[in-house]
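Hi,

Here is the structure I promised to pass on. Have a look at it first, and then read my notes below.

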Amino acid sequence: MRDFLDALVPPRCAGCGDAGSWLCPRCASEGDPVVVHSGPLIVRGAAAHEGPLREAVHRFKYSGERGLAAELGALVARLIAGDLARGVALDAVVAVPLHPDRAHARGYDQAALLAAVAAARVGLPSSGGLYRVRPSRPQVDLDRAERSRNVEGAFVAVAGSLDGARVALVDDVATTGATLRAAADAALAAGAAAVRAYVVTVDA
């Protein structure tokens, strides 16, 4: 269906507006990779949360442009592939899930789409091992301390479901890292041996 609609109305780049793709190569390559420490968790982003990629992420999350999953997921895959090439051991790609109510209202879970694309590109299984069991307020409205409290206990995983797995945790944006830390804690509690976090952009 997406291919049919794209044939009728070709997609336009979320960054510059040029026709032909959801995110053109020029806009996708703007910015340098970012690495930040969020407590014990290291978060890797394809770029800072600004310019064309900021616009692309915003349209992906809030404007229903799910076609951006392929291009944005490819950016996450590049980060994971780089770590794999350096000898980092990873066994599975796991999305930071939306609460089911929010995913239903949006029509899709954007992190799950990113994780599926990234996993396919790097040849790792995509695991739905995490669940968001408590709805929370949008993090964008909160300060740093409130963000941590907002997601405390929001995620769970079936005991042993990630037993021994070295997990690549995927989300769209990292700001304070509170959501990623809460999801990583749930993965570790479910038996994950290690967790590394990957996002499209870092808004630090």
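**Helix packing and a buried aspartate**

Helix 3 and helix 4 are oblique to each other, since their axes cross at roughly 130 degrees and an angle between 115 and 145 degrees falls in the oblique class. Please keep in mind that this is a predicted model. The axes of helix 3 (residues 51-62) and helix 4 come within 10 Å, and the crossing is left-handed. On the helix 3 side, the contact is made by Leu53, Ala56, Val57, Arg59 and Phe60; helix 4 contributes Leu68, Ala69, Leu72 and Leu75. By type, the residues of this contact are eight nonpolar, no polar and one charged.

Helix 4 (residues 68-85) also packs against helix 6 (residues 110-122), with axes that come within 8 Å and cross at roughly 50 degrees. That pair is therefore oblique as well, but helix 4 passes helix 6 in a right-handed crossing. From helix 4, the residues in contact are Ala69, Ala70, Leu72, Gly73, Ala74, Val76, Ala77, Ile80, Ala81 and Leu84. They meet Leu113, Leu114, Val117, Ala118, Arg121 and Val122 of helix 6. Here the division is 14 nonpolar, one polar and one charged.

Next, a residue you may want to click on: is Asp172 buried or exposed? Asp172 lies in strand 7 (residues 166-174), and it counts as buried because its relative accessibility is 3%, where the cut-off is under 20%. Leaving aside residues up to four places away in sequence, Asp172 touches Val57, Lys61, Gln110, Leu114, Val199, Val200 and Thr201. Two of these names will be familiar: Val57 takes part in the contact of helix 3 with helix 4, and Leu114 in that of helix 4 with helix 6.

Helix 8 (residues 178-189) has twelve residues and spans 17 Å from first C-alpha to last, close to the 16 Å expected. Its buried residues are Ala178, Thr179, Leu180, Ala182, Ala183, Ala184, Ala186 and Ala187. Just after helix 8 comes Gly191, with a positive phi of about 105 degrees.

As for the protein as a whole, there are eight helices and eight strands. Of its 204 residues, 49% count as buried. Among contacts with a separation of 6 or more, 70% are between residues 24 or more positions apart.

Happy to talk it over whenever suits you.

Best wishes

Key:
Residues numbered from 1 in each chain as written. Predicted model: local features only at pLDDT ≥ 70, side-chain atom pairs only at ≥ 80, totals over all residues. Heavy atoms only, no water. Axes fitted to C-alpha atoms, helices over the stretch in contact; angles between N-to-C directions. Helix = DSSP H or I, 4+ residues; strand = E, 2+ residues; numbered from the N terminus. Parallel < 35°, antiparallel > 145°, perpendicular 65-115°, else oblique. Left-handed = near helix turned anticlockwise from the far one by under 90°. Contact = heavy atoms within 4.5 Å. Nonpolar A, V, L, I, M, F, W, Y, C, P; charged D, E, K, R; others polar. Buried < 20%, exposed > 50% of the residue type's maximum accessible area, 1.4 Å probe, protein only. Expected span 1.5 Å × (residues − 1).
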